[in-house]
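Student: I am new to this structure. Please take me closely through one part of it, the places where the chains meet.

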Amino acid sequence: MNNLLVLPIIIPIITAVLLVFLRSHIMLQRIISLVTMLFLSLISYVLLELIQIEGILRLDFSGWLPPFGILFVADSFSLLLVLTASIVTTICLIYAFSTIGNRHEHMFFYPFVLFLIAGVNGSFLTGDIFNLFVCFEVMLLASYVLVALGGERIQLRESLKYVLINVVASWMFLVALAYLYGTLKTLNMAHIAMRVSEVGQDPMLTTVAILFLVVFSLKAGLLLFFWLPGSYSVPPTAVQALFAALLTKVGIYALIRLFTLMFPLNQEVTHTIIGVMAGLTIIAGCMGALSGRDVYTIATYNVIIGVGFILIGLAVGTETAITGAIYYLIHDMIAKALLFLLIGMMIYLTGETVVKKISGLIRNYPLFGWIFFIVMLALAGIPPLSGFVGKVLIGQGAIEEGSYVLLGIGFGSSIIVLYSLLRIFLASFFGETTISFEDRKPIPKGATMSFILLAISIVYIGVGAEAISVYVKDAARTLINPSIYIDAILKG
Amino acid sequence: MKINDVILRTVVKGVVFIILTLGVYLFFSGHNAPGGGFIGGLVLGSGIVLLYITYDLETVHKKMPFDFKKVAAFGVLLATGSAIGSLYFDAPFLSQTDAYFNIPILGEKHLTTVTIFEAGVALTVIGTLVTIILSISEDE
Amino acid sequence: MESLMVVLVGILVSIGTYLILSRHIIRVILGTAILSHAVHLLILTVGGLKTGGVPLLSQSDGPFTDALPQALILTAIVISFATTAFLLVLAYRAYKKNGSADFRELRGMSDE
């Protein structure tokens with residue numbers, strides 16, 4: 001029992017509710033939400049260190065022992081993601097302070113961000129698959145509100161589609177849960193894993209697993225990403241960055257958990273399907289990124305390419321590849337948040353979204369331009385920035401397994417990513433500036449600070465990969481050997 | 001055109017008390033039998049919505065000057081508060097406790113901390129339900 | 001009894017699917033509501049129908065019916081209640097703002 005585990009979900013909820021009562025005190029809302037997020041980052045770091053000492057932690061709610069009760073489980077993988085999510089959210093909040101506008105702040109923007117982070121953290125930490133559904137829904141409900149908040153015409157239209165797609169996906173989640181419960185009579189993840197390994201993964205269970213695969217593919221944007229470009233381009237920039245950093249990653253987390261812990265036995269079927277889907281996702285994402293004329297399209301298709309690339313790591317499935325996937329997941333959360341913040345700032349500064357109509361930004365805003373350059377290199381996977389380690393390890397894993405097609409697609413996509421972002425860089429940052437230095441809009445201080453903080457994180461993950469490798473290796477070891485997880489839950 | 005809704009008004013005057021009583025009954029019966037905070041809250045909330053439908057917003061609001069968003073928020077606070085209270089006693093999160101008390105007149109009664117949690121759930125449901133209905137009906 | 005329930009679930013799913021594929025927002029939302037009812041019944045059915053007494057200590061002394069499906073369904077109902085309510089409000093706002101409740105007219109242009 002360790003009650004610290006529940007804090008990453010319960011603190012944001014309580015703070016969010018308190019903020020509802022402080023509706024008119026904007027400044028107080030900002031301070032409280034920032035302090036909360038900083039505190040959360042601190043707690044997740046403490047927990048991460050604790051796991052290195054004591055092994056996997058668990059908390060049985062109200063003392064019901066597994067497999068009967070609901071429980072939270074913390075291993076290095078989930079805590080790494082909780083920590084990254086908390087840090088990214090903190091920085092996105094700093095960006096939001098100076099850009100989101102009074103109207104959003106009055107309409108409970110901060111409470112909903114905190115609810116979102118509560119749902120995200122809950123999904124990462126839960127050890128019960130029905131509880132995963134509940135946490136997913138908490139996160140999704142908050143995201144529905146954040147997409148629609150502001151009530152612009154186009155926002156309402158796109159959010160309606162976003163909500164409906166997710167409602168249908170959640171419905172399929174429930175169907176899959178019903179079949180799972182019908183066949184295995186348990187919902188505790190460790191217990192499921194144990195029963196699957198006892199009775200073997202028969203075709204019925206594989207079908208259930210594939211149903212889950214469809215559900216999480218919808219949520220993660222793996223192949224079934226048709227809803228993503230529309231709904232990610234309508235909300236305000238800070239929200240976009242949060243979505244790009246967090247929402248699809250929760251789906252990816254669920255997929256990795258599902259196919260390493262619960263259904264790892266029938267890899268010829270499930271992992272082949274994941275591999276094919278990941279490959280197709282990358283190809284489709286590259287086509288979208290190449291054909292896009294406006295910055296939003298290019299950025300959202302880059303999210304899709306990232307999803308495909310991480311899941312190559314899962315499809316290959318060796319320890320090296322999984323380690324790479326975890327590295328890349330962390331990198332992608334930070335880099336995609338920064339990419340969306342930068343792109344939002346470009347649009348704020350120029351009022352244009354089409355790449356060709358923006359020109360010469362670097363002359364007026366040199367720091368801004370070079371940070372864009374850094375994130376571009378990081379996303380392409382150039383050393384010593386954050387994307388490099390993940391890409392190399394996933395590639396190494398693919399070579400070990402002989403999956404040369406996936407390897408080729410994955411590394412081909414790096415070039416496309418570089419090209420698509422370089423196009424923005426060359427057209428919009430270089431060239432003749434249309435606005436003179438005196439007439440330029442200043443970049444808000446908070447925004448600059450958030451760019452710098454995220455850029456530092458990118459460089460740190462790249463240069464300091466050795467420092468975080470302790471945690472990542474432990475996470476990958478637990479994922480590859482599900483028995484560690486199962487024993488910690490059912491025999492502890 | 002103003003609709004003549006005298007029948008509705010007369011019926012609601014009586015019925016709303018029955019609905020609210022049923023809501024409270026369901027809430028407390030959830031202790032040992034089917035019922036509980038969610039259902040009780042739904043019934044109570046629908047009673048309040050019925051009042052809003054029958055009388056206009058201003059009249060009801062004069063008698064019940066609550067911001068229902070805050071009611072919902074208070075409910076969540078109550079529920080999470082009762083859950084997090086167990087942290088203080090170093091028990092697992094969400095732990096509940098119960099005891100028998102001798103209350104004058106009522107006799108020996110079984111009291112639990114679950115009731116606080118359920119009250120939170122009920123308030124949340126009432127708050128959300130009424131907020132949703134009001135947010136649709138306010139702009140005409 | 002189980003087979004009857006499964007048939008009922010099938011009928012509800014087909015109705016829900018039909019409604020979801022229509023063009024009017026309200027029909028689509030009703031479709032999602034019916035789909036969620038279908039899956040609630042499905043959870044109840046796979047949990048096993050009436051295999052024992054009421055799972056309350058004071059009213060029966062075992063064997064008990066599995067109470068977990070009911071707990072799951074209650075949670076799922078609460079969530080679908082919240083989502084449907086939100087969807088209805090959103091649809092109403094979207095209808096007011098866009099002046100149309102027809103998905104053909106809500107498609108949106110690629111160059112916005």
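Tutor: What follows is a walk along the contacts of chain A, then a look at some annotated spans and two single residues.

This is a predicted model, in which local features need pLDDT of at least 70, side-chain atom pairs count only at pLDDT 80 or more, and totals for chains, interfaces and linings use all residues. Residues are numbered from 1 along each chain as its sequence is written, while chains are lettered from A and ligands numbered from 1 in the order in which they are written.

Start with chains A and C. Here 24 residues of chain A are in contact with 26 residues of chain C. Two residues are in contact if their C-beta atoms, placed from the backbone, lie within 7 Å. On the chain A side, α6 (129-148) and α7 each supply at least two residues. Helices (H or I, at least four residues) and strands (E, at least two) are DSSP runs, numbered from the N terminus. The largest share of this side comes from α7(A), with 17 residues. By class, the side of chain A that touches chain C has 18 nonpolar, 3 polar and 3 charged residues. Nonpolar means Ala, Val, Leu, Ile, Met, Phe, Trp, Tyr, Cys and Pro; charged means Asp, Glu, Lys and Arg; the others, Gly among them, are polar.

Now look at α7(A) itself. Helix α7 of chain A spans residues 153-184, and its partner, helix α3 of chain C, spans residues 68-98. The two pack at an angle of about 155 degrees, with their axes 9 Å apart. Axes are lines fitted to C-alpha atoms, for helices over the stretch in contact, and angles run from 0 to 180 degrees between N-to-C directions. α7(A) and α3(C) are therefore roughly antiparallel to each other. The cut-offs are under 35 degrees for roughly parallel, over 145 for roughly antiparallel, 65 to 115 for roughly perpendicular, and oblique for the rest. α7(A) passes α3(C) in a left-handed crossing. A crossing is left-handed if the near helix is turned anticlockwise from the far one by less than a right angle, and right-handed if clockwise.

Which residues meet? In α7(A) they include A:Leu156, A:Leu160, A:Val163 and A:Val167. In α3(C) they include C:Ala76, C:Thr83, C:Leu87 and C:Leu90. This contact has 10 nonpolar, 3 polar and 4 charged residues.

Turn to chain B. Here 14 residues of chain A are in contact with 14 residues of chain B. α1 (7-21) and β1 (57-60) of chain A each supply at least two residues of the side that touches chain B. α1(A) gives the most, with 6 residues. That side has 10 nonpolar, 3 polar and 1 charged residues.

α1(A) packs against helix α4 (residues 68-88) of chain B at an angle of about 150 degrees, with axes 9 Å apart. That makes α1(A) roughly antiparallel to α4(B). Their crossing is left-handed. Among the residues in contact are A:Ile10, A:Ile13 and A:Val17 of α1(A), with B:Ala73, B:Val76 and B:Leu77 of α4(B). By class, the contact of α1(A) with α4(B) has 10 nonpolar, 1 polar and 2 charged residues.

Next, the records. UniProt positions are given in the numbering used here, feature names are shortened, and annotations may be inferred rather than shown by experiment. In an unreviewed entry, UniProt places "transmembrane region" at residues 6-21, 28-47 and 67-92 of chain C. Residues 67-92 of chain C are 96% helix and 0% strand, with end C-alpha atoms 38 Å apart. For chain B, the UniProt annotation "transmembrane region" (unreviewed entry) covers residues 7-28, 34-55, 71-91 and 111-136. Residues 71-91 of chain B are 86% helix and 0% strand, and their end C-alpha atoms are 29 Å apart.

Last, two residues. A:Ile31 lies in helix α2 (residues 26-54) of chain A. With 12 C-beta neighbours inside 10 Å, A:Ile31 counts as exposed. C:Leu19 is in helix α1 (residues 2-20) of chain C. It has 19 such neighbours, so C:Leu19 counts as partly exposed. A residue is buried if 20 or more other C-beta atoms lie within 10 Å of its own, exposed if 12 or fewer, and partly exposed in between, with C-beta atoms placed from the backbone. Not counting residues up to four places away in sequence, C:Leu19 touches C:Arg27, C:Val28, C:Leu30, C:Gly31 and C:Ile34.
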